[in-house]
Amino acid sequence: MSTLKAVRGTRDLLPSETALWNRIEATARAVFARYNFGEIRTPVFEDTALFARGVGEETDIVSKEMYTWEDRARAQSEKTQSLTLRPENTAGVVRAYIEHQLGETGQLQKLYYIGPQFRRERPQKGRYRQFSQIGAEVIGPTSAGSESPLRDAEVLEMLATLLDEMGITGWTLELNSVGSAADRARYNEALRAALAPVVDKMCVDCQRRAVTNPLRVLDCKVAADQPIIDTLPVISDSLDEASRVHFAAVTAALDAAGVAYTRNHRLVRGLDYYTRTTFEFTHGGLGAQNALLGGGRYDGLSEMLGGPRAPGIGFAMGEDRLVLTLQALEAAHAPKADAFIAPLGEGLNPAALALAKELRRAGLRVELGEGGFRLKKSFEAADKTARRIVIMGEDELQSGILTVKDFATGLQTKVPRAELAVFLSKPAGE
RNA sequence: GCGGCUAUAGUUCAGUGGCAGAACGCCUGUCUGUGGCACAGGAUGUCGAGGGUUCGAUCCCCUCUAGCCGCCCCA
């Protein structure tokens with residue numbers, strides 16, 4: 001009989017890894033709080049129509065990557081409903097915004113989320129079928145300033161801060177504007193026209209893209225195609241005046257805030273709802289999946305879902321990819337316990353538990369040994385899991401003065417029990 | 001969804017058509033209150049799963065599964 005395993009594209013995160021995940025999430029929550037974002041939690045599955053309308057029927061995500069099923073009808077009269085595990089979270093957030101009439105507050109809504117998303121893709125490094133995204137959305141009625149380029153710049157500045165505080169170095173911000181829906185349609189036509197005479201000289205993928213989705217030709221990585229792509233019209237030439245002014249204001253604010261970016265005329269994002277500002281933060285070392293996060297403005301999404309006009313901007317970062325990047329940067333290290341308590345002899349186990357309780361109450365991370373171990377074994381175990389060992393033998397129990405050895409310095413100290421918690425809360429090596 | 005590579009001890013990986021190997025890690029002892037070093041000893045595997053060829057398969061063939069890399073796409 002074969003043993004059961006986690007299904008393809010899913011995985012278990014063991015304590016050696018979850019420490020880093022928690023640190024990333026804690027950093028994100030702290031930064032979001034400073035920018036006055038509040039958390040939203042939407043359901044993991046939604047009506048399939050939400051994604052079909054919100055993300056776009058023609059996108060790969062909707063057309064071939066969703067986990068969709070017909071929910072069973074409970075009565076003869078009840079119709080089945082098509083449900084889908086969320087492949088991304090923006091559509092769900094906007095649905096909630098509409099459903100709870102958050103626009104009626106008249107205030108800008110600043111919402112963040114952290115949670116699993118699901119796409120049925122072929123797994124590889126940095127790409128899983130269940131993956132976690134950390135994202136945020138700024139959305140509201142136009143009167144609340146939701147359309148302002150300052151919002152775009154603020155979100156981008158927040159992301160730069162967030163990555164820095166997580167310890168991710170070496171990222172690049174790539175920025176572009178895809179204009180309004182009308183701009184994009186106009187550009188698509190311009191691209192088609194420009195591609196028509198040259199497409200037969202390009203790679204087979206581009207020949208296909210030229211028909212199905214001309215914007216994708218810009219993403220082509222085939223070296224031989226690059227000279228041709230360089231001759232194609234750029235989207236900035238197709239922007240109307242309003243989009244042009246908007247983008248200029250975004251970059252001006254970024255310059256003022258000292259956020260470095262690269263204008264990437266070829267950055268066109270795959271989801272249908274994006275308008276105007278689009279961006280990606282990328283990082284080397286992630287292989288083919290070099291995008292740490294992506295996002296952009298979606299001024300028409302609420303209306304596409306039947307809601308009021310509610311321009312917005314948001315992003316989603318791949319938490320799994322943040323973890324991979326940090327691990328590669330070796331910024332990740334499993335934290336060691338503050339102390340390992342080593343009772344000498346099983347008879348001292350109860351006293352050791354009492355001491356452990358006392359220290360844990362004081363907020364220390366404590367590993368409790370076992371009196372049956374020889375002291376040598378206690379030392380070996382302690383050295384792997386903690387920064388210091390606290391020896392609790394008969395002498396210590398009688399005198400109330402404990403023996404503490406610091407593994408970093410090798411120094412051994414006698415510490416009165418009453419002062420132990422304070423002593424142990426000092427950084428290791430002091 | 002497509003193409004390539006891979007799967008052997010806890011981990012990283014050698015290896016052979018005829019009894020399964022190394023390093024590291026782990027356990028024990030030298031050492032009954034002092035770790036990292038050293039020395040001596042020890043345990044561990046359905047050789048990813050299923051089928052086929054063969055006297056005999058971990059090795060050759062097929063199928064499946066999973067991982068990695070690339071494509072597609074994306075976080």
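This is a walk through chain A of a predicted model, one selection at a time.

**Stop 1: the whole chain**

Start zoomed out, with chain A as a cartoon. You should be able to count 15 helices and 16 strands. The radius of gyration is 28 Å, well over the 22 Å that the globule rule gives for 430 residues, so the chain is more spread out than a compact globule. Turn the C-alpha trace onto its principal axes and the spans come to about 90 × 60 × 50 Å.

Now switch on a surface. Its accessible area is about 21200 Å², and carbon and sulfur atoms own 52% of that. Underneath, buried residues make up 48% of the 430 in chain A. If you like contact maps, look away from the diagonal: of the contacts with a separation of 6 or more, 68% join residues 24 or more positions apart.

Try colouring by charge next. There are 53 positive and 56 negative side chains in chain A, and the centres of those two sets lie 4 Å apart.

**Stop 2: colour by confidence**

Chain A averages a pLDDT of 89, with 96% of the residues scoring at least 70. Which elements sit at the two ends of the confidence scale? Select residues 204-212 for the low end: this is helix H7, with a mean of 76. Then select residues 38-39 for the high end, strand S1, at 98. Keep one caution in mind while you browse: where pLDDT is low, the predicted coordinates should not be read in detail.

**Stop 3: strand S1 and the loop before it**

Stay at S1 and pick Glu39, which belongs to that strand. Glu39 is partly exposed, with a relative accessible area of 30%. Which residues does Glu39 touch, once neighbours within four places in sequence are set aside? Show Arg29 and Tyr112 as sticks, since those are its contacts. Add Lys110 too: although 71 residues away along the chain, its C-alpha is 8.5 Å from that of Glu39.

Step back to Asn36, in the loop between H1 and S1. Its phi is near 65 degrees, a positive value in a residue other than glycine. Is Asn36 buried or exposed? At 60% relative accessibility, Asn36 counts as exposed.

**Stop 4: helix H11**

Select residues 319-328. This is H11, and 8 of its 10 residues are buried, so the helix is largely enclosed by the rest of the structure. The buried set runs through Glu319, Asp320, Arg321, Leu322, Val323, Leu324, Thr325 and Leu326; charged side chains are worth a look here.

What do the buried residues of H11 pack against? Bring up helices H1 (15-34) and H5 (149-166), then strands S5 (109-118), S6 (130-139), S10 (291-297) and S11 (312-318).

Zoom in on Asp320, which is part of H11. At 5% relative accessibility, it counts as buried. Outside its neighbours within four places in sequence, Asp320 is in contact with Arg11, Trp21, Tyr128, Phe131 and Ser132, so display those five as sticks.

**Stop 5: helix H4**

Go to residues 90-99, helix H4. Here 7 of the 10 residues are buried, so H4 too is largely enclosed by the rest of the structure. Highlight Thr90, Ala91, Gly92, Val93, Val94, Ala96 and Tyr97 to see the buried ones. They pack against strand S2 (45-47), helix H2 (48-56), S5, S6 and helix H10 (301-304). S5 and S6 may ring a bell, as the buried residues of H11 also pack against them.

Before leaving, click on Gln101, which follows H4. Its phi is positive, near 50 degrees.

**Stop 6: Arg276 and Asn213**

Jump to Arg276 in strand S9 (residues 275-282). Arg276 has a phi near 50 degrees, again a positive value in a residue other than glycine. Unlike exposed Asn36, Arg276 counts as buried, at 14% relative accessibility.

Finish at Asn213, in the loop between H7 and helix H8 (226-231). Asn213 is partly exposed, with a relative accessible area of 31%. Draw a C-alpha to C-alpha distance from Asn213 to Arg29: the pair are 184 residues apart in sequence and 37 Å apart in space. You have met Arg29 before, as a contact of Glu39.

Methods. Residues are numbered from 1 along each chain as its sequence is written. Chains are lettered from A and ligands numbered from 1 in the order in which they are written. This is a predicted model: local features need pLDDT of at least 70, side-chain atom pairs count only at pLDDT 80 or more; totals for chains, interfaces and linings use all residues. Side-chain values use heavy atoms; hydrogens and water are left out. Helices (H or I, at least four residues) and strands (E, at least two) are DSSP runs, numbered from the N terminus. The radius of gyration is taken over C-alpha atoms; the globule rule is 2.2 Å times the number of residues to the power 0.38. Buried means under 20% relative accessible area, exposed over 50%, partly exposed in between (1.4 Å probe, protein chains only). Contact means heavy atoms within 4.5 Å. Accessible areas come from the Shrake-Rupley method with a 1.4 Å probe; for residues, only the protein chains shown count as cover. Lys and Arg count as positive and Asp and Glu as negative; His and the chain ends are not counted. The place of a charge is taken as NZ of Lys, CZ of Arg, CG of Asp or CD of Glu. pLDDT is the predictor's confidence in each residue, from 0 to 100.
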